[in-house]
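Dear colleague,

I am handing over the structure below, and my notes on its strands and on one of its helices follow it. Please read them with the coordinates open.

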Amino acid sequence: IRKKNMKKLIENIKNNLTPDLLKKEFVAQNKTNPMFGHCYVATEALYHLLQNQDFKPHRAKDKNNIVHWWLQNIKTKEILDPTADQYYSLGEKPPYDNGKCGGFLTKQPSKRTKKLIDRITSF
């Protein structure tokens, strides 16, 4: 995918993130920080929609001990993080420095991720 299309795909993911896709424990904080709690679902959706084997899921705990997820290119180290704004909007940086490469919790998209992918792909 070209840069322009990648940006468009990430924007599309962000625009389709809604409270019903959150785990219950993230709902309250999400009210004041719209990207908060969406990293797993957004990153998993991006991974499956992208279908680029060079981008692998990465995760790390942030300073609040909450696990943050993003994609990282294993060759170029480029980071794709649809929900990075949950940190930047607070003047903080995502925990990329402590990131570990590892798979998602399931091989197929989770139920919440499937719902997001369906929103994006059903025109």
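In β3, Leu80 is the bridge partner of Leu71, and in this predicted model the strands β2 and β3 pair in the antiparallel sense over two bridges. The hairpin that β2 and β3 make has five residues between the strands, and Lys77 takes a positive phi there, near 70 degrees.

Leu71 also takes part in the pairing with β1, where Leu71 of β2 is the bridge partner of Pro57. β1 and β2 pair in the antiparallel sense over seven bridges, and they form a hairpin with five residues between them, in whose turn Asn65 has a positive phi of about 65 degrees. As for burial, β2 is mostly covered, with six of its seven residues buried.

The helix I looked at is α3, residues 39-50, for which a span of 16 Å is expected because its 12 residues are counted at 1.5 Å a residue; the end C-alpha atoms are 16 Å apart, which agrees. α3 is likewise mostly covered, since 10 of its 12 residues are buried, among them Cys39, Tyr40, Val41, His48 and Leu50. What do the buried residues of α3 pack against? Their partners are the helices α1 (3-15), α4 (85-88) and α5 (111-121), together with the strands β1 (55-61), β2 (67-73) and β3 (79-80). After α3 comes Gln51, whose phi is positive, near 50 degrees.

With best regards

Notes
Residues are numbered from 1 along each chain as its sequence is written. This is a predicted model: local features need pLDDT of at least 70, side-chain atom pairs count only at pLDDT 80 or more; totals for chains, interfaces and linings use all residues. Side-chain values use heavy atoms; hydrogens and water are left out. Helices (H or I, at least four residues) and strands (E, at least two) are DSSP runs, numbered from the N terminus. The expected span of a helix is 1.5 Å times one less than its number of residues. Buried means under 20% relative accessible area, exposed over 50%, partly exposed in between (1.4 Å probe, protein chains only). Contact means heavy atoms within 4.5 Å. Two strands pair if DSSP finds at least two bridges between them.
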